[in-house]
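Here are my notes on the model you asked me to look over. I went through the strands, then the packing, then the pocket.

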Amino acid sequence: MVPTLIAFDFDKTLAYFAGTERVEDLLVNLGFGDLEALNIYQQVKATGFSFGKIIDCVKERMLRRNCPFDQSDQLDFAEDLDFWLSTHLRLYEDAEDLLSWLDRWSTPWAIVTFGDKDYQKQKIQQLHLKPMEICHTASIGAKTEPLLELVAKYGRPIFFVDDNPEELQPVTGNRSGNIVPFLIDRCDRQNPPKQFCVLSSLSEIKDFC
């Protein structure tokens with residue numbers, strides 16, 4: 001079965017954060033305690049994490065404390081966030097191998113990702129990735145519609161790879177031969193879901209093309 005296009009989730013499918021430093025650690029550096037830093041991060045993440053949102057949240061918290069957090073402070077914090085992203089975001093080795101292989105064979109590929117549109121775009125650009133299409137969803141489990149739009153544009157079937165079974169389940173229920181779902185196992189599951197074709201490496205996709 002030769003796909004017309006392969007669509008990938010982004011986070012924990014193509015890319016991951018290396019190292020031990022977290023965004024919360026940057027918040028601690030601003031003077032927040034560990035629990036408040038975690039609370040700020042989770043509050044922002046719940047609505048789709050982005051640097052702009054976390055800067056706004058920090059500004060609000062600082063105002064409550066009557067602490068200065070002026071334009072200069074915000075720019076400094078933005079620079080810290082940019083540096084953190086540039087030094088911690090990594091492309092999986094098997095993703096680099098597969099994407100290079102797809103490009104050599106002129107096989108179209110896309111990214112269908114959940115999260116804040118600007119932040120996801122920033123991460124994709126940080127890794128110098130150049131997919132044919134980038135689609136964003138605002139909630140978990142909402143990738144079927146953009147995938148079907150890709151089917152309409154590129155033809156059937158397309159492959160879709162994600163690390164989250166919650167994203168794949170709706171696709172499986174609506175695929176009708178248009179979308180072939182694959183679960184990339186990044187956490188060595190003892191009992192991976194049986195309804196998906198499970199990959200231990202993205203390079204295994206080559207065997208299906």
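1. Strands β4 and β5 run parallel, with five bridges joining them. One place to look is I111, which sits opposite I134 of β5. Keep in mind throughout that this is a predicted model.

2. β5 itself (residues 133–137) is two-faced: E133, C135 and T137 make up the covered face, while I134 and H136 are on the uncovered one. Note that I134, the residue across from I111, belongs to that uncovered face.

3. Now compare β7, residues 179–184. Six of its six residues are buried, so the strand is largely enclosed by the rest of the structure. I179, P181 and L183 point one way from β7, and V180, F182 and I184 point the other way. Both sets are buried.

4. What flanks β7? Strand β6 (residues 158–162) is joined to β7 by five bridges, and the two run parallel; within that pairing, D162 has L183 as its bridge partner. β7 also runs parallel to strand β8 (residues 197–199), this time with three bridges. There, F182 of β7 faces C197 of β8.

5. On to the packing. The largest nonpolar core counts 46 residues, and those with the most contacts inside it are F8, F10, L14, I54, F77, L129 and V161. Helix α3 (residues 51–64) supplies the largest share of this core, six residues. There is also a second, separate core of 15 residues, with L5, L147, F160 and F196 among them. As background, nonpolar side chains in soluble globular proteins tend to be buried together.

6. V161 deserves a click in your viewer. Leaving out residues up to four places away in sequence, V161 touches I6, A7, F8, D9 and T13, and also F182, I184, L199, L202 and I205. Two of those names, F182 and I184, are on the one side of β7 that also carries V180.

7. Finally, the pocket. How big is the largest one? Its volume is about 840 Å³. The lining has 32 residues, and D11, K12, Y41, K45 and K123 lie nearest the centre. Elements giving two or more residues to that lining are β2 (15–17), α1 (23–29), α2 (34–45), β4 (109–114) and α6 (117–126).

8. If you plan to look at the chemistry of that lining, how do its residues divide? The split is 12 nonpolar, seven polar and 13 charged. Among the residues nearest the centre are K12, K45 and K123, along with D11.

Definitions and conventions
Residues are numbered from 1 along each chain as its sequence is written. This is a predicted model: local features need pLDDT of at least 70, side-chain atom pairs count only at pLDDT 80 or more; totals for chains, interfaces and linings use all residues. Side-chain values use heavy atoms; hydrogens and water are left out. On a 1 Å grid over the protein atoms alone, a cavity is a set of points where a 1.4 Å probe fits but cannot get out, and a pocket is an open set with protein on both sides within 12 Å along at least five of seven lines; lining residues have an atom within 4 Å of a point. Grid points are joined across faces, edges and corners, and a volume is the space filled by probe spheres set on the points. Helices (H or I, at least four residues) and strands (E, at least two) are DSSP runs, numbered from the N terminus. Ala, Val, Leu, Ile, Met, Phe, Trp, Tyr, Cys and Pro count as nonpolar, Asp, Glu, Lys and Arg as charged, and the others, Gly among them, as polar. A nonpolar core is a set of buried Ala, Val, Leu, Ile, Met, Phe, Trp, Tyr and Cys residues joined through side-chain atoms within 4.5 Å. Buried means under 20% relative accessible area, exposed over 50%, partly exposed in between (1.4 Å probe, protein chains only). Contact means heavy atoms within 4.5 Å. Two strands pair if DSSP finds at least two bridges between them.
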